[in-house]
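This report introduces the strand arrangement of the structure shown below and then turns to its hairpins and helix.

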Amino acid sequence: ESHAYPDEISTFEDLSQDKAYKSFVWQHYTFNKQSKLAKCSYCNKIVTASGGSTSTMSYHLKAKHQNVL
């Protein structure tokens, strides 16, 4: 699934080594801090990560990519 976004929210960062992002899910996502969107490293699905919550990200991994957990 492909999404078109304006340039200001199309840049995603790897936060897996950032100590502020402790959840295991950051090993499997890149993140856009401005838009609060996370992109799955396996299927490029965009999910919300607003308010610091990673539950949507975790659910997606468990539902779609159980083999990597």
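## The sheet

In this predicted model, 4 strands form an open sheet in the order 1-2-3-4, with antiparallel pairing. Strand 1 (13-14) and strand 4 stand at the edges; each has a single partner strand, so one side of each is left without a neighbour in the sheet.

## Strands 2 and 3

Strand 2 (residues 29-32) and strand 3 (residues 37-40) run antiparallel and are joined by 4 bridges. Tyrosine 29 has cysteine 40 of strand 3 as its bridge partner, while threonine 30 stands opposite lysine 39 in strand 3.

The hairpin of strand 2 and strand 3 has 4 residues between the strands. In this hairpin, lysine 36 takes a positive phi near 60 degrees.

## Strands 3 and 4

Strand 3 is also joined to strand 4 (residues 46-48), by 3 bridges, and these two strands run antiparallel. Here the bridge partner of alanine 38 is valine 47 in strand 4.

Between strand 3 and strand 4 the hairpin has 5 residues. Asparagine 44 in this hairpin takes a positive phi near 65 degrees.

## The helix across the sheet

Helix 1 comprises residues 55-64. Which strands does helix 1 lie across? Helix 1 lies across strand 2, strand 3 and strand 4, and runs at about 140 degrees to strand 4. Strand 4 thus appears in two settings: at an edge of the sheet, and among the strands that helix 1 lies across.

How values were computed. Residues numbered from 1 in each chain as written. Predicted model: local features only at pLDDT ≥ 70, side-chain atom pairs only at ≥ 80, totals over all residues. Heavy atoms only, no water. Pairing = 2+ DSSP bridges. Contact = heavy atoms within 4.5 Å. Axes fitted to C-alpha atoms, helices over the stretch in contact; angles between N-to-C directions.
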